[in-house]
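The following exercises concern a structure made of several chains. Please study the sequence and the model before reading the solutions.

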Amino acid sequence: MVDFFGLYNYWIVIVLAMAGMYIVIARGNLIKKLVGLNVFQASVFVLYISFGKVSGGTAPILLKGVVTYSNPLPHVLILTAIVVGVATTALGLALVVRIRREYGTIEEDDIHSQDGHT
Amino acid sequence: MLREHLPVLVIIIPLIAAPLCILFRGRDQAFGIALLATWGSFACSAVIAAKVMASGTLSYELGGWPPPIGIELRIDALNALILLIVSGIGSVVAPYARNSLLLEYVEDRSYMFYCAFLLCLCGLMGVAVTGDAFNLFVFLEISSLSSYVLIALGFDRRAASFASCTPLSLRSTSIQPVNLFC
Amino acid sequence: MREYLILRVITKLLFPFILLFALYVQFHGDFGPGGGFQAGVIFAASFILYSMVFGVRSAQHVLPVGILRAGIAGGLLLYALVGVVDLLLGANYLDYSPMSAEAKVGQHLGIFLVELGVGITVASVMMTMFFTFATWRED
Amino acid sequence: MMLEVIDIIILTLMTVTVIGIVVMRNLLAVVMLGGIYSLLAASIFVALDAVDVAFTEAAVGAGISTVLFIGTLALTTRVEKRPKHKPLLPLCVCIITGAVLIYGSLDMARFGDPNSPANRHVAAHYLENTKKDTGVPNVVTAVLASYRGYDTLGEVTVIFTAGIGVILLLGNWRRGLKPPAPHHEDKA
């Protein structure tokens, strides 16, 4: 029971990440895939930030009279990862727009069937 | 004087050349910059390879911070070999880029092609020399994004745009779990 | 969007304050939450809001494509060249200490310049992306 | 205890949002729910003391990327087609992966443990020496720009690459390739 309260945060986040991965793998619509990718990414970020939490700590901005701070290192890594994530998303969306122009559809099944015929 | 900084120079020569291509814009200027940068980093990696063969593993502390605090570049014999191969292929390929771009009738955006080419080179070399897991992820990201761009520019537009989307979704299923565990 | 009077007035009212907030986040990032990434995005958001209400063309009067591309390249170049200056001053790459007589002041100066470079690139890239998506036409 | 309550409330809301994203086929709604998901993630970051990250996630994840998604929707289509295949295989893959991850999490340090390996490794060094080394009170900024400045240089390069990529893919260039690429009539 003690274990549950120590770990529930990780468990919920893992479930959320798997839901994101399910959208990426199972759905054929490219925009929905990218939304799923973002969900997956955000869940991994929450997992990382949970590692860095120190109970009773405060945000890592140094102040007089405060001794306990949360771990700043995951914050740095995730801060940069978020920006990389939006860069990748934007490039993916640009590709989706191009695919729509070349194929007239953004459903993966239709694209495969078109490639099969020509 | 710059000899001890070679491990980082080999990365930042193409990294600085890439925005310069955008700033100068001209087709010929960009070609010249790309040529100089690829040959420059090839020369650097040749010197690095000679040094590694002579004196063993090279280590370079970025920002002057020692490894667990800061980021370290680490080049052993295998890394030096990979570095040499990557920059060698880059410098062999670069002179011919101009003529193949002429064949594709894309002169108005050729400076962007050179920029993406340099970034791809920079990313691949950055992966080879780094000694830090998160830094590896960052440079992997540079090389993968720039190669999606290069593929999507490819000869057959139709296949190319979908072909570069497939690795993007593959990335989602492969890189992210790596990110999760590393 | 000619008919949405409230949107137009509120946008004009908010625009300078969003810019001001972006500059605050950029230059106060050493002391509170904030920094180049956030400031760049907020700066871009103000222009994106403006162009959503008044049209991309009017936003591009202020920020033409050429300036944005120079910003994209210039920010990255600023960051990389700060490192090169450190190399020339005899320190390792991105070791800002020798940029001033006192190591601590040099570090602070280096962080300031580097964050400025990050802010410029992020803002220009975000605005360029939005403008490119908004002006793209199927031919 | 307060933290745990807030944590559970936000995580529940996130779960509801994700269910909505999986079920819905109206892409505009899916995109808006994606933005809401990012905003909820940002609020959980505030609860977990990561104010800088929360700031970035709210501005980038909930703001800019939602705007870009909507821009793409305007250029493509609004509704997802009904999926043809039964999603059994992906479901199995996800459940197995999730089960393995949860099994792995049993050995992890407990939530908020100040003595976990992640919190003992280098964090103490950063917190103690930042003020002395750089004179910057925000430790996240100091680590980002100075201790791990090379990473940030790489990140800025990634953003630069993405910007170049979007300009190259969607810029108003003349059409390349002398015989123009085949034009399709099946456009909606």
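Each exercise below gives a task and then a solution in steps.

The model is predicted: local features need pLDDT of at least 70, side-chain atom pairs count only at pLDDT 80 or more, and totals for chains, interfaces and linings use all residues. Residues are numbered from 1 along each chain as its sequence is written, while chains are lettered from A and ligands numbered from 1 in the order in which they are written.

**Exercise 1. Describe the secondary structure and burial of chain B.**

Step 1. Helices (H or I, at least four residues) and strands (E, at least two) are DSSP runs, numbered from the N terminus. Chain B has six helices and two strands.

Step 2. Along the sequence, these elements of chain B are arranged as α-α-β-β-α-α-α-α.

Step 3. A residue is buried if 20 or more other C-beta atoms lie within 10 Å of its own, exposed if 12 or fewer, and partly exposed in between, with C-beta atoms placed from the backbone. By this rule, 51% of the 182 residues of chain B are buried.

Step 4. Two residues are in contact if their C-beta atoms, placed from the backbone, lie within 7 Å. Of the contacts in chain B between residues at least 6 apart in sequence, 66% join residues at least 24 apart.

**Exercise 2. Determine which elements form the contacts that chains A and B make with chain D.**

Step 1. Between chain A and chain D, 70 residues of chain A are in contact with 83 residues of chain D. Helix 3 of chain A gives the most to its side, with 23 residues.

Step 2. For the classes, Ala, Val, Leu, Ile, Met, Phe, Trp, Tyr, Cys and Pro count as nonpolar, Asp, Glu, Lys and Arg as charged, and the others, Gly among them, as polar. The side of chain A that touches chain D has 46 nonpolar, 17 polar and seven charged residues.

Step 3. The contact between chain B and chain D takes 33 residues from chain B and 26 residues from chain D. Helix 5 of chain B provides the largest share of the chain B side, eleven residues. By class, this side of chain B holds 22 nonpolar, five polar and six charged residues.

**Exercise 3. Explain whether the length of helix 5 of chain C agrees with expectation, and describe its surroundings.**

Step 1. The expected span of a helix is 1.5 Å times one less than its number of residues. The 33 residues of helix 5 (residues 103-135) of chain C should therefore span 48 Å, and its end C-alpha atoms are 48 Å apart, which agrees.

Step 2. Because 24 of the 33 residues of helix 5 of chain C are buried, this helix is largely enclosed by the rest of the structure.

Step 3. The buried residues of helix 1 of chain C pack against helix 2 (36-54) and helix 5 of chain C. In helix 1 of chain C, A22(C), V25(C) and Q26(C) are buried.

**Exercise 4. Locate G57(A) and name its contacts.**

Step 1. G57(A) is in the loop between helix 2 and helix 3 of chain A.

Step 2. With 19 other C-beta atoms within 10 Å, G57(A) is partly exposed.

Step 3. Leaving aside residues up to four places away in sequence, G57(A) touches T68(A), Y69(A), S70(A) and D49(D). The C-alpha atoms of G57(A) and Y69(A) are separated by 4.4 Å, although these residues are twelve residues apart along the chain.
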